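This report covers a single chain, read from its overall fold down to individual residues. The sequence and coordinates are shown first.

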Amino acid sequence: MLIDLPPHIEQIIINQAQIQGISVAEFIIQKVVDEKPNSMIEAVMALEPSQSFKEVDAVALQREWRNEWH
């Protein structure tokens, strides 16, 4: 399966998997299957903040997500 994610979201997922000492696949399974978020945005927002996320313009990120739905 291929998932097309914005690079900054991909990096957040990779960082969190590394912090937990698990593979990216295991991390995604935990977040999507075990925790059952209502949406992908909810899953991403539940992630612990990382240095890469602190550098993201939150308003631009919201616009990008909003544009994905239109």
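## Secondary structure and overall figures

The chain has 5 helices and 0 strands. Read from the N terminus, its elements follow the order α-α-α-α-α. The model is predicted, and its local features are given where pLDDT is at least 70.

Of the 70 residues in the chain, 23% are buried. The exposed area of the chain is about 5,400 Å², and 56% of that area comes from carbon and sulfur atoms. Among contacts with a separation of 6 or more, 55% are between residues 24 or more positions apart.

## Helix α1

Helix α1 covers residues 7–20. The helix has 14 residues and, at 1.5 Å a residue, should span 20 Å; its end C-alpha atoms lie 20 Å apart, so the expected and modelled values agree. Gly21 follows α1 and has a positive phi, near 70°.

The buried residues of α1 are His8, Ile9, Ile12, Ile13, Asn15, Gln16 and Ala17. Gln16, which sits in this helix, counts as buried because its relative accessibility is 3%, where the cut-off for buried is under 20%. Between Gln16 and Phe27 the C-alpha to C-alpha distance is 7.8 Å, with 11 residues separating the two in sequence.

## Nonpolar core

Which residues form the largest nonpolar core? This core has 7 residues, namely Ile9, Ile12, Ile13, Ala17, Phe27, Leu61 and Trp65. Two or more core residues come from each of α1 and α5, the latter being residues 58–68. Helix α1 gives the largest share, 4 residues.

Several names recur between the two lists: Ile9, Ile12, Ile13 and Ala17 are among the buried residues of α1 and also belong to the core. Phe27, the residue paired with Gln16 in the distance above, is a core member too.

## Surface patch and helix α2

On the surface, Val24, Ile28, Ile29, Val32 and Val33 make a nonpolar patch of about 380 Å². One of these, Val33, is in helix α2, which runs over residues 24–34.

Is Val33 buried, exposed or partly exposed? Val33 counts as partly exposed, because its relative accessibility is 48% and that class lies between the 20% limit for buried and the 50% limit for exposed. The value also meets the patch criterion of over 30% relative accessible area.

Note on methods. Residues numbered from 1 in each chain as written. Predicted model: local features only at pLDDT ≥ 70, side-chain atom pairs only at ≥ 80, totals over all residues. Heavy atoms only, no water. Patch = residues over 30% accessible without salt bridge, like charges linked within 9 Å, V, L, I, M, F, W, Y side chains within 5 Å. Areas by Shrake-Rupley, 256 points an atom, 1.4 Å probe, with all protein chains shown as cover. Salt bridge = Lys/Arg side-chain N within 4 Å of Asp/Glu carboxyl O. Buried < 20%, exposed > 50% of the residue type's maximum accessible area, 1.4 Å probe, protein only. Expected span 1.5 Å × (residues − 1). Core = buried A, V, L, I, M, F, W, Y, C linked by side-chain atoms within 4.5 Å. Contact = heavy atoms within 4.5 Å.
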